[in-house]
Amino acid sequence: MSHQSTYTPGNAFSRWMDERLPVMRLVNDSFVDYPVPKNLNYWWTFGAVLSFCLAVQIVTGIVLAMHYVPTTELAFASVEHIMRDVNYGWLIRYVHSNGASMFFIAVYIHMFRGLYYGSYKAPREVLWILGVLIYLLMMATAFFGYVLPWGQMSFWGATVITNLFGAIPLVGEALRTWLWGDFAVGDPTLNRFFSLHYLFPFLIAGVVVLHIWALHVTGQNNPAGIEVKDPKKDTVAFTPYATMKDAFGLAIFMILFSYFVFFNPNALGEPDNYIVADPLVTPAHIVPEWYLLPFYAILRAVPDKLGGVVLMFGAIAILFVLPWLDTSKVRSARFRPLFKQFFWIFVVACIGLGYCGGQSPDKILIAVGDGGFDVTDLSRILTIYYFAHFLILFPLLGLIEKPKPLPESIAASVLGSEPAKS
Amino acid sequence: MAQTHAVEPTRRDFLYVATGSFAAVGAAFAVWPLIDQMNPDASVLALASIEVDISSIPEGQESTFKWRGKPVFIRHRTDAEIAAAEADDAAALPDPESDSARLRPGPSGELEKKWLVVIGVCTHLGCVPLSYRGEYDGYFCPCHGSVYDTSGRIRKGPAPTNLEVPPYEFVSDSRILIG
Ligand code: HEM
Ligand code: FES
C-alpha cells in the first residue's frame, strides 16, 4: 500500500541529500518502514530468493564473459578452459549453470504461490503481468545461455527452438534465416546469442524494478487473501520482520544450491552437452533443460507443426489473461474448497507434462497388445487439462463454488476467531 | 471567432503533423540497417555452392556432405529402393510428389534414378534424420518421430513436407554441383 513517508533524515548530510536526491527516503520507505501483512508465510520469501538469484547470475556471468569466446571454433574449448585453467573457474561456472536451475525452481514456486493465493486478482493484475513478462525473459535468457557452451544439446536445442519460428506462415522462413544470420545455426547465431545473453538479464532487472514498484502500490497479498484494513493491527515493519524471515528462507535455499554446486553439479544438465556440437549428427534423444520440459511436451503433443507451436506459446500467453479468466472474488485457495483441489491436480498435471517432455514420445507406459498408451497419449491428456484448467475451470469454479467464510481481518486470521487485542 | 480557431486545423497544426510524419519515416529508415545487419552477410552468401565426387559411394549406401552449414544426403539407391519409391507414388502422401519429380537428369539427359539428393534436415524442427531407419527404410527422425521413405518423402509424424531437394546438377557422370 502506498503509505505516508515516515523517513526523517538523521543528520545534516542526509537532510542536505534528501532535498536533492531522496534515495535514502526511497530505501527507507520501500525496505525498512514498509508495512507488510503480519500473516505472510515462507512462500513469501521467494521474492528475495529470486532477487538473489538474479544478482548471482549477473555477477558470475560477467566474470565468465571475461574468459569465454563466442565463436564456433573456440566456444567449447573456452568453457573447458574455464573449467580447468581459470582460477576458481569451475566454481564460477557451476554456480552460473546450476544458478539458472535454482532461479527456475524459485520462480516456479513463486508463481504457484501466486496461483494458490490468488495474487493475480484485482488490484494486482499489472503486478502479475510484469511477473509473467520476467518469466518469459528468463526463458529467453536461459535459452541463449544454454547455446553458449556449444555442446551437442546447445546446438540442437538452438536448432529446434529457432525452427519453431519457421512454422509461422509466410514470414516464418525469412524470420528464421534472420535469427540465424546464416542458412543454419552457425557462427553468426552463436555470436548474437552471446550479445543477447548479456543484455537480457539487465532487461529483467529493469522489469523487476517495475514489478516491485507495482507491488508497493497495491501492497502485498497474503495467505488469507484479504486486504489490510488497519495497518496498525494487520501489518508489521519490513525491517526487521520480513528482512529476517527472507534471510532465513534464503539461507535454506542456499543449502540446496550448494548441494548441487558442490556435490552434484551435473545432475540437472545433459551429458550430451559435454560433446562438442556436430551439425551433421543429431543426438538420439534431444531434450531441453528441465525447466522447459512441460512446454516441450505440449509442443510434441500436437501432430501438426504450426498447431504445436501455437499451443506451446499459448500455454505461456494464457498466463497474461489469468486475472480476467477467474470469476471468483475470493483470492486465497484456503477459502475455496473446490479450487484448492483443482490447484493440486494442476500442479500434478504440470509435473506430468514435465515428465512427458523428458521421455521419448513413443515410449509405452501401459502396454496393450502391440501398442498401448504411450507418452504422446499422456501428453495429449495433460495438455488438454492444462488449457481446460484456465479456460473452463477458472471461469466455472467462481460461479459454482461456495467459498468458506473469510476472516474479519488479517489480525483476526492470525490470532484465531477472537477479536485481536491491540 | 476564437472558438472556430481552436477547432479548425491551422497552418501550424499542419506543420506539426508534417514534421512528425517526416521524423517517423526518418526513424524507420534509421532502424532498417539495425535490423538487416542480422541477415546472412556477404561472406556467408559467398560459400553458397559445392562440387562433390559421387563415384566413391557404392550402391545401397549413402554419404553426407556439408552445404551451407547443413548436411546433404547423397544416396546411391538400389533397384529395390527405386521400385519401392515409385510404387508409393500412388500411396496417400501427406505432401504428394512423384519420385521422378524429386530426381534430376544426368549429363545424357536421362533421369538419374539411382541418385537421390536431399537436404538432411527434418522439415519439422530441423534435426538430422537417421538413414536406413523407420518403417520405409528411408529416414527416421529421432527428435519427434517423423518417418520418410526412400524418396525422402514424409510418410508419418509431425513433419509437414518432404525432405527438401537442394538445387543441384550433374556436371559429369561422377560429379554433382550443389547450389
Ligand atoms: C537471468 C540471468 C541468467 C541466466 C538464467 C543465465 C543462464 C545461463 C545458462 C543456462 C548457461 C549455460 C551454462 C552451461 O551449461 O554451461 C549460461 C552460460 C553463460 N552465461 Fe549466463 N545466465 C544469466 C545471466 C548472465 C549474465 C548477466 C552474463 C554476463 C555476460 C552471462 C554470461 C554467460 C556466459 C559467458 C556463459 C557461457 C559459459 C558457460 O557455459 O558456463 N550470463 N547462462
Ligand atoms: S525435428 Fe524431426 S520430427 Fe521433429
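A:Tyr88 has a relative accessible area of 58% and is therefore exposed, a class that requires over 50%, whereas buried means under 20% and partly exposed covers the range in between, with a 1.4 Å probe and protein chains only. The model described here is predicted, so local features need pLDDT of at least 70 and side-chain atom pairs count only at pLDDT 80 or more, while totals for chains, interfaces and linings use all residues. Residues are numbered from 1 along each chain as its sequence is written, chains are lettered from A and ligands numbered from 1 in the order in which they are written, and side-chain values use heavy atoms, with hydrogens and water left out.

**Backbone features in chain A**

A:Tyr88 sits in the loop between α4 (75-84) and α5 of chain A, where helices (H or I, at least four residues) and strands (E, at least two) are DSSP runs numbered from the N terminus. Its phi is near 60°, a positive value in a residue other than glycine. A:Trp150, in the loop between α6 and α7 of chain A, also has a positive phi in a residue other than glycine, near 55°, but A:Trp150 is buried.

Two cis peptide bonds can be described alongside these residues. One joins A:Ala122 and A:Pro123, with omega about 5°, and A:Pro123 belongs to the loop between α5 and α6 (125-147) of chain A. Another joins A:Thr239 and A:Pro240, with omega about 10°; here A:Pro240 has its place in helix α11 (residues 238-263) of chain A.

The table gathers the accessibility of some residues discussed in this report.

| Residue | Relative accessible area | Class |
|---|---|---|
| A:Tyr88 | 58% | exposed |
| A:Trp150 | 5% | buried |
| A:Trp178 | 23% | partly exposed |
| A:His96 | 15% | buried |
| A:His197 | 15% | buried |

**The iron site**

The iron atom of ligand 1 is coordinated at 1.9 Å by NE2 of A:His96 and NE2 of A:His197, donors being N, O and S atoms within 2.8 Å of the metal (3.2 Å for Na, K and Ca), with the caution that water is not among the atoms and sites may look incomplete. Because A:His96 lies in helix α5 (residues 89-116) and A:His197 in helix α9 of chain A, the pair ties together parts that are 101 residues apart in sequence. The angles among the six donor atoms of this iron run from 87 to 179°, and the site is octahedral, which for six donors means that opposite donors are over 155 degrees apart and all others between 65 and 115. Ideal angles for six octahedral donors are 90 or 180 degrees.

**Helix α8 of chain A**

Helix α8 of chain A covers residues 172-180, and A:Gly172, A:Arg176 and A:Trp180 are buried in it. Seen down the axis of α8(A), the buried residues fall within an arc of 65°, so they line one face of the helix; the arc is that of the directions from the helix axis to the C-beta atoms. An α-helix has 3.6 residues a turn, so residues three or four places apart point the same way. The buried residues of α8(A) pack against α7 (152-165) and α9 (187-218) of chain A, and α8(A) is followed by A:Gly181, whose phi is positive, near 70°.

A:Trp178 is found in α8 of chain A as well, and it is partly exposed. Leaving aside neighbours within four places in sequence, A:Trp178 is in contact with A:Arg192 and with B:Ile35, B:Met38 and B:Asn39 of chain B, contact meaning heavy atoms within 4.5 Å. A:Trp178 and A:Thr189 are eleven residues apart in sequence, and their C-alpha atoms are 9.4 Å apart in space.

**The two chains as wholes**

Chain A contains 17 helices and four strands, while chain B has four helices and ten strands. The radius of gyration of chain A is 24 Å, which agrees with the value near 22 Å for a compact globule of 422 residues; this radius is taken over C-alpha atoms, and the globule rule is 2.2 Å times the number of residues to the power 0.38. For chain B the radius is 27 Å, but a compact globule of 179 residues would have one near 16 Å. Along the principal axes, the C-alpha atoms of chain A fill a box of roughly 70 × 60 × 45 Å, and those of chain B a box of roughly 95 × 35 × 30 Å.

In chain A, 50% of the 422 residues count as buried, and in chain B 37% of the 179 residues do. Among contacts in chain A with a separation of 6 or more, 79% involve residues 24 or more positions apart; in chain B, 52% of the contacts between residues at least 6 apart in sequence join residues at least 24 apart.

Notes: Tetrahedral: all angles 85-135°; square planar, octahedral: opposite > 155°, others 65-115°.
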